[in-house]
Amino acid sequence: MSAVQVIAVAEGEGGQRLDRWLRRRFPHLTQGFIEKACRKGELRVDGGRATAATRVAEGQEVRVPPLGDAAATPAPAPSRLGREDEAMIRAAVLWKDDHVIALNKPSGLPSQGGSGQGSRHVDGLAPALAFGLPQPPKLVHRLDKDTSGVLLLARTDRVARLLSEALRHRAVRKVYWAAVAGRPEPRAGTIRFGLEKVPGGPRGDDRMRAVHPRDLEARPGAKRAVTEFVTIENAGGRLAWVALEPVTGRTHQLRVHMAEIGHPILGDGKYGGHAQENLGDGWGAGVGGEVERRLHLHARAISFEHPVTKAILRIEAPLPPHMARTWDLLGWDAREAPADPFEGRR
């Protein structure tokens, strides 16, 4: 029989129904079990009663009652994972201690599972990152499948709650690198378009749509979103290397914001149009030739106060292979980038 658990809703998980959020973490839970636990008041959100349809928000704490042997998902043993996948996810570790693990998530590897994903996602591979602890580490935020870079996992429930709270209160700084079409003018600025979900995209998937700040109050489904950007280098006005800092953490925020100002991220098939070539005006999100048509968005660095030791950590992730090849082709040198491109903008 499992014990009562208190689990924080991680960044990027907000807005889901409670029952769907639970089944992502415990796939063997039945709908009947969830609804019964809600009726009995055993399943609670921030200490209050909830229903299966309650929408959870980032940073909230969900009290999960003992699940029992039949309902609980057994922790997958590392031996059940393929050796190549085990080696891959362990090689992705950038930094670890007894409390926190930081990965350089590969492009193309989902953070969490979905339809048809099996266990080949960071969450499913987490047992290979237990490193002697009885439970695998837990995701505290997510990156899109095709976005590479720094991803944090907590090795205990307490640290997961503390990191989720820090993310919720924006005490964690993230800096992304991207190659974008065209050359942003001015070279630095702040993007303040809100975002709202548009269900049923061309492949049946949800998309996000930009909303002008003046229209936010009239659009109840829209959420405020803010991104800072700085241009580091450009290639003849046709492509630019930009640093991006999301002040808020909305779904697809960086991709939608850059597309909205006319400079979609290279290789972004969802928001960057379908043109293979751009002539330097920012559209579309491809240049052809030797540059791979894959998303060129990378979580370069993360800075935060360690939840236990209180040390200030800054962790950097090297570029993924497809972006490194583009940087080499264009003569951009990652070693020459400023440590903090946003210094002086605060």
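## Exercises on a predicted protein chain

In this predicted model, buried residues account for 49% of the 346 residues in the protein chain.

**Exercise 1.** Describe the protein chain as a whole, from its secondary structure to its contacts and its exposed surface.

*Solution.* Begin with the secondary structure, which comprises eight helices and 16 strands. Turn next to the contacts between residues at least 6 apart in sequence, of which 65% join residues at least 24 apart. Finally, take the surface: the protein chain exposes about 16600 Å², and carbon and sulfur atoms supply 48% of that area.

**Exercise 2.** Determine how helix H1 and helix H2 are oriented towards each other, and which residues meet where they pack.

*Solution.* Helix H1 covers residues 18-25 and helix H2 covers residues 31-39, and the two pack at an angle of about 125° with their axes 11 Å apart. H1 is therefore oblique to H2, since angles from 65 to 115 degrees would count as roughly perpendicular and those over 145 as roughly antiparallel. The crossing of H1 and H2 is right-handed. On the H1 side, Leu18, Asp19, Leu22 and Arg23 take part, and they meet Gln31, Ile34 and Cys38 of H2. Sorted by character, the residues of this contact comprise four nonpolar, one polar and two charged.

**Exercise 3.** Locate Gly41 in the chain and decide whether Gly41 is buried or exposed.

*Solution.* Gly41 lies in the loop that runs between H2 and strand S2 (44-45). Its relative accessible area is 9%, and because buried means under 20%, Gly41 is buried. As a last step, consider Pro65, which is 24 residues from Gly41 along the chain: the C-alpha atoms of Gly41 and Pro65 are separated by 9.6 Å.

Methods. Residues are numbered from 1 along each chain as its sequence is written. This is a predicted model: local features need pLDDT of at least 70, side-chain atom pairs count only at pLDDT 80 or more; totals for chains, interfaces and linings use all residues. Side-chain values use heavy atoms; hydrogens and water are left out. Helices (H or I, at least four residues) and strands (E, at least two) are DSSP runs, numbered from the N terminus. Buried means under 20% relative accessible area, exposed over 50%, partly exposed in between (1.4 Å probe, protein chains only). Contact means heavy atoms within 4.5 Å. Accessible areas come from the Shrake-Rupley method with a 1.4 Å probe; for residues, only the protein chains shown count as cover. Axes are lines fitted to C-alpha atoms, for helices over the stretch in contact, and angles run from 0 to 180 degrees between N-to-C directions. Angles under 35 degrees count as roughly parallel, over 145 as roughly antiparallel, 65 to 115 as roughly perpendicular and the rest as oblique. A crossing is left-handed if the near helix is turned anticlockwise from the far one by less than a right angle, and right-handed if clockwise. Ala, Val, Leu, Ile, Met, Phe, Trp, Tyr, Cys and Pro count as nonpolar, Asp, Glu, Lys and Arg as charged, and the others, Gly among them, as polar.
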